[in-house]
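Thanks for coming. I will take one structure today and go through it part by part.

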Amino acid sequence: MNIILSTYMCGKARSVEVSAIRLGLAVVVGLLMLSAVAVYTGTRLVDNELGHLGDWRSLLTHQQAEIAAIRHDAETELDALTLRIGKMQAQMLRLNALGERLVRQADLDRSEFNFDTVPAVGGPGEMLNAQSVRMPDFLDMLDQLDSELEGRQDMLSVLEVLLMNRNVHERAMPSGKPIAEGWLSSRYGKRSDPFTGKQVFHKGLDFAGRKGADVLAVGDGVVSWSGKRSGYGNLIEINHGNGYVTRYGHNQHHLVEVGDTVKKGQQVAMMGSTGRSTGPHVHFEVLHNGKRVNPAKYIGK
Ligand SMILES: [Zn+2]
């Protein structure tokens, strides 16, 4: 088959004879070119999408890596914190033991001071063996430990006050003799005055001994007088609190000054015979709320 194509070129009409085969070839080539363009364009579109997806994927991978790193850090820190909590729990167990011992020693009401309760999260060893603790568990542990510590603190501070008061009270209370060696030479009460022979009231106890012997504080306290006083010679006065004061008269030499704190049994002076005295002795007085009382009931304690 021959197809005559008439064209109008350069002002001349030409006719070209084209064979069917050539035409078919041209059509095929044209179609191929068209589809190549289509494929190219389509591929570019798909390529774009794929590119976006790739970006997304790498972003996700990156974020996953970051999350993993954060989780790892958090777990490491959590483990470290858990370890510290374990140590704190161990310390609390030791505190409990101490508290129990104090309560037992002080003979206090044990029902008021209950140090028996064991931390609810098991022992520290159990925690150390655990792999990793989850955050909610960890926070629970913290809360638990916090409230237990608070409870212990309250109990211990009450205990401390109780023991301190008792201790201070006991140690400051006048008790025992003001001498280590010597003897009771004059009692509290009416007696004839060694100088005038008249009946007078002796408001203390006299302990005789050798000159220079130890004169001892009969309780914890603060020195409120250290010097001469009429009738007493060299006098030391100690304030023990709770309304109690003790006096030690006729000393040869003083070892403490006003304002010094002294302990029960501490040497405060050397025995002498200063003031109205016939020989080396300690004139010992106990005052309660400003009144001189019979020291006999204190020296025996
Ligand atoms: Zn006396």
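**A buried aspartate and its partner**

At 10% relative accessibility, Asp-193 counts as buried, because the cut-off for buried is under 20%. Please keep in mind that this is a predicted model.

What does the side chain of Asp-193 meet? The partner is Arg-276, and the two form a salt bridge with 3.1 Å from N to O. Asp-193 sits in the loop between β4, residues 189–192, and β5, while Arg-276 sits in the loop between β13, residues 267–270, and β14, so the salt bridge ties together parts that are 83 residues apart in sequence. Arg-276 has a relative accessible area of 45%, so Arg-276 is partly exposed. The structure holds 9 salt bridges, and I will come back to others later.

Next, the pocket. The largest pocket has about 480 Å³ of space. It is lined by 24 residues, and the closest to its centre are Arg-191, His-202, His-250, Arg-276 and His-283. So the list includes Arg-276, the arginine of the salt bridge with Asp-193. Which elements give two or more residues to the lining? They are β5 (199–202), β6 (205–208) and β14 (281–288). Sorted by class, the lining has 7 nonpolar, 10 polar and 7 charged residues.

Let me stay with Arg-191 for a moment. This residue lies in strand β4. Its relative accessibility is 24%, so Arg-191 counts as partly exposed. Arg-191 and Phe-201 are 10 residues apart in sequence, and their C-alpha atoms are 6.2 Å apart in space.

Now the metal. Which residues coordinate the zinc ion? They are His-202 through NE2, Asp-206 through OD and His-283 through ND1, at 1.9 to 2.3 Å. Along the chain, the donors follow the spacing H-x3-D-x76-H. The two histidines link distant parts of the chain: His-202 is in strand β5 and His-283 is in strand β14, 81 residues apart. Are these histidines buried or exposed? Both His-202 and His-283 are buried. Both are also on the list of residues closest to the centre of the largest pocket.

Back to salt bridges, this time around Arg-247. The side chain of Arg-247 meets that of Glu-237 in a salt bridge, 2.8 Å from N to O. Arg-247 lies in strand β10, residues 244–249, and Glu-237 in strand β9, residues 233–241, so this pair ties together parts that are 10 residues apart in sequence. Arg-247 and Glu-237 are both buried.

Arg-247 also forms a salt bridge with Glu-285, where the closest N and O atoms are 3.2 Å apart. This pair links distant parts of the chain, with Arg-247 in strand β10 and Glu-285 in strand β14, 38 residues apart. Glu-285 is buried, as is Arg-247. If you follow the shared partners, the salt bridges join Arg-229, Glu-237, Arg-247, Glu-285 and Arg-292 into one network.

Now the nonpolar part. In soluble globular proteins, nonpolar side chains tend to be buried together. Here, the largest nonpolar core has 23 residues, and those with the most contacts inside it are Tyr-248, Val-268 and Phe-284. The elements that give two or more residues to this core are β6, β9, β10, β13, β14 and α4, residues 296–299. Which element gives the most? That is β14, with 3 residues. You have now met β14 in this core, in the lining of the largest pocket, and as the strand that holds His-283 and Glu-285.

Two asparagines deserve a look for their backbone angles. Asn-242 is not a glycine, yet it has a positive phi of about 55°. It lies in the loop between β9 and β10. Asn-289 is the other one: its phi is near 50°, again a positive value in a residue other than glycine. Asn-289 is in the loop between β14 and β15, residues 291–293. Its relative accessibility is 60%, so Asn-289 counts as exposed.

One last stop, at a helix. Met-155 lies in helix α3, residues 135–172. Its relative accessible area is 15%, so Met-155 is buried. Met-155 and Gly-99 are 56 residues apart in sequence, and 8.5 Å apart in space from C-alpha to C-alpha.

That is the end of the tour.

Notes:
Residues numbered from 1 in each chain as written. Predicted model: local features only at pLDDT ≥ 70, side-chain atom pairs only at ≥ 80, totals over all residues. Heavy atoms only, no water. 1 Å grid on protein atoms, 1.4 Å probe; cavity = no way out; pocket = protein on both sides within 12 Å on 5 of 7 lines; lining within 4 Å. Points joined across faces, edges and corners; volume = space filled by probe spheres on them. Helix = DSSP H or I, 4+ residues; strand = E, 2+ residues; numbered from the N terminus. Nonpolar A, V, L, I, M, F, W, Y, C, P; charged D, E, K, R; others polar. Donors = N, O, S within 2.8 Å, 3.2 Å for Na, K, Ca; no water. Buried < 20%, exposed > 50% of the residue type's maximum accessible area, 1.4 Å probe, protein only. Salt bridge = Lys/Arg side-chain N within 4 Å of Asp/Glu carboxyl O. Core = buried A, V, L, I, M, F, W, Y, C linked by side-chain atoms within 4.5 Å.
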